[in-house]
Amino acid sequence: MSLLEITNLHVRVEDREILKGVNLKVDAGQVHSIMGPNGSGKSTLAQVLARREAYNVTAGEILFNGKDLLAMKPEEAACEGLFLAFQYPVEIPGISNAYFLRSALNAIRKYRGQDEMDAMDFLPKLREKLKLLQMDEKLLNRSVNEAFSGGEKKRNEILQMAVLEPKLAILDETDSGLDIDALRIVAEGVNAMRSPERAMLVVTHYQRLLNYIVPDYVHVLVDGRIVRTGDKKLAFELEEKGYDWIIKEEAVTA
Amino acid sequence: MSSNTDTIRELAQQEYKWGFVTDIGEDRIPKGLNEDIIRLISTKKNEPEFMLEWRLKAFRHWLTLEQKQAEPKWANIKYGPIDYQSIAYYSAPKQKPNITSLDQIDPEILRTYEKLGIPLLEQKMLAGVAVDAVFDSVSVATTFKGKLAEVGVIFCSFSEAVQKHPDLVKKYLGSVVPYTDNFFATLNAAVFTDGSFVYVPKGVRCPMELSTYFRINAAETGQFERTLIVADEGASVSYLEGCTAPIRDENQLHAAVVELIALDDAQIKYSTVQNWYPGDKNGKGGIYNFVTKRGACRGKNSKISWTQVETGSAITWKYPSCILQGDNSVGEFYSVALTNNYQQADTGTKMIHIGKNTRSTIVAKGISAGHGQNTYRGQVKIMKDATGARNYTQCDSLLIGDQCGAHTFPYIEVKNSTAHMEHEASTSKIGEDQLFYLRQRGLKAEDAVSMIVNGFCKRVFRELPMEFAVEAQKLLSVSLEGSVG
């Protein structure tokens, strides 16, 4: 059984069909990349997987760990081990990053029937993850994402991922807005999280991130469908030729 | 319908859990308002002549106000006319006269306060908090009086203060809020029935938190209490009030007056957690909370700090204020006001700077949900001689949903050019983005809302006494449940 199994997924936003029959299987231990031009439905796919409302699934099925993902609320999906690193992380004024992280971890632990973690046990764990991402400890006492720089926000997403240890991590355009140093640090953090039990879905427009996070599979999403699947070489090809050739080829074969 | 909306809807059905009625014999006077009623109240309370005279003066003044239709109409609130003749102005639970110990209180009343989470038997209480319990028109119990008396702190019902400390009452009553102050304060002066009295003598730091718990029980009555707190030179005290009422379809009037007096180097911290019945989700019933609260920093270096968490009442009309007379005196106002369903709040503060180097801080957080309307109204006045005065005002509104409203009316009047004024204001909306973000991290929808709101209110909660900060957070979550769809 795959960790994630998407079958014939159709999604509408208002009157427009965004995803038009997506099929995808992701096994534990694998890193998949979803690439595609702007407006192809990459982010919609990420949001639907994370169970954002306002997306109307008109057909298809998603199994996560063998369970019906589409029947889950966002928090249930999270507690089942699905994590989304946001393209635009949200600010929560007045709530410290450390408190937020511990609340999230404990919500998940509670769901799984584990004991909640107190601050004493939690802090050392958190500090260790901070080091991995070369983040300043001061960020823990600041409000969630408030007055964080673009790079700090993205690193904070990966910090959350490291603390929550998901089964499936979806990275939505994590490279956008990062300079090359920040990109490397984020990628190192992500790579450190690679494990045989964990899968990752890296959504990106550019190939650049994939130099650092090397995927096992690359899927090209065009106009709501996965039109091509390959290995990392496909990403290089896209970088070189752009998305146009693939769109044209599609038009010919269709 | 989305799962989010469903969860919220279920929670919205939760009832106001303080809404029960205690079945107890009442000693109640007939409805109506006239001089005989005022005399009857005074007689029932066995008051000295000066009190009756004061009441009558107030009442006669009130009649002129009523004739002039001087009931304040400038606030951003809407309600039908109040029939002041259809209210019973005194209702007290029947109990033995001359209760000397808490054991003699009607067990029904003790049970009521237990149910509200305010046990009156001292062995069961929070160790550091003394409570005065006001049930309808009278104080039914005051705890830890003996312990407080050891250090000279007087903490008792207002009625008892009139009997035992008439000189203090005479000296300070009406000295901050005169009986002519405003329509509701005048009415209160005429008919007030009880409340709390605190006097902290020179140089004494009150060793425990003092608190009053106000409970309206009887129907077709109003609650008109009066609280007077005096901190003598170098004294300090922290006081907290809480309030609840049964669920009823009719609106009930609560018109209270609070006067604080801080002499040289004295400090008073006054915290309110107001949770009167807010009415049902269609706006039926609920308390009209029309309250006048004012503190006078009379002495140099004195400080008065108001913190309020206003989650209840159908309508809230109150402006806890500070008159900064003493040089270097400090006034503070920290407020969280929440309106859900059809609640209305018009609340804020006045800071009147008279003395030199006086400082004031205002932090007001308004949260509107459902069809709630929330207004901040503030006045900062720097008088001619108030050289070196400073004010900092921060005024934030949070909107939940698209049916509610937030309004801000800050007035600033400066007559001294050395004044330093800062004003910050913001309005934001709990976004679907914030909610989704928190839920994606595993938090349930209702926990996500309460986390966002608590973050928004953090600056104010920090000012509450520890034991109550936690309560206030919970209360806010409960009051908000059902507000996000």
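**View 1. Glu80(A) is a buried residue in this predicted model.** Its relative accessible area is 8%, which puts Glu80(A) in the buried class because that class takes in values under 20%. To find Glu80(A) along the chain, look at the loop between α2 (74–79) and β6 (82–85) of chain A.

**View 2. The side chain of Glu80(A) makes polar contacts with two side chains, those of Lys67(A) and Tyr111(A).** With the side chain of Lys67(A), the distance is 2.9 Å. With the side chain of Tyr111(A), it is 2.7 Å. Zooming out a little, and setting aside neighbours within four places in sequence, the residues in contact with Glu80(A) also include Phe64(A), Asn65(A), Met72(A), Arg112(A) and Lys167(A).

**View 3. β6 of chain A belongs to an open, mixed sheet of 6 strands.** Follow the strands of chain A in the order β6-β9-β10-β3-β11-β12. At the edges sit β6 and β12 (225–230) of chain A, each pairing on one side only. From one strand to the next, the twist averages 20 degrees.

**View 4. β6(A) runs parallel to β9 (residues 168–172) of chain A.** The two strands are joined by 4 bridges. Here you can pick out Ala85(A), whose bridge partner in β9(A) is Leu171(A).

**View 5. Helix α1 (residues 42–49) of chain A lies across β3 (31–35), β6, β9, β10 (199–204) and β11 (217–222) of chain A.** Helix α1 runs at about 145 degrees to β9(A). Helix α7 (residues 232–241) of chain A also packs on the sheet, where it touches β3, β11 and β12 of chain A. The direction of α7 makes about 45 degrees with that of β11(A).

Notes. Residues are numbered from 1 along each chain as its sequence is written. Chains are lettered from A and ligands numbered from 1 in the order in which they are written. This is a predicted model: local features need pLDDT of at least 70, side-chain atom pairs count only at pLDDT 80 or more; totals for chains, interfaces and linings use all residues. Side-chain values use heavy atoms; hydrogens and water are left out. Buried means under 20% relative accessible area, exposed over 50%, partly exposed in between (1.4 Å probe, protein chains only). A polar contact is a pair of N or O atoms within 3.5 Å; within protein, one must be able to donate a hydrogen and the other to accept it, and residues adjacent in sequence count only if both atoms are side-chain atoms. Contact means heavy atoms within 4.5 Å. Two strands pair if DSSP finds at least two bridges between them. Axes are lines fitted to C-alpha atoms, for helices over the stretch in contact, and angles run from 0 to 180 degrees between N-to-C directions.
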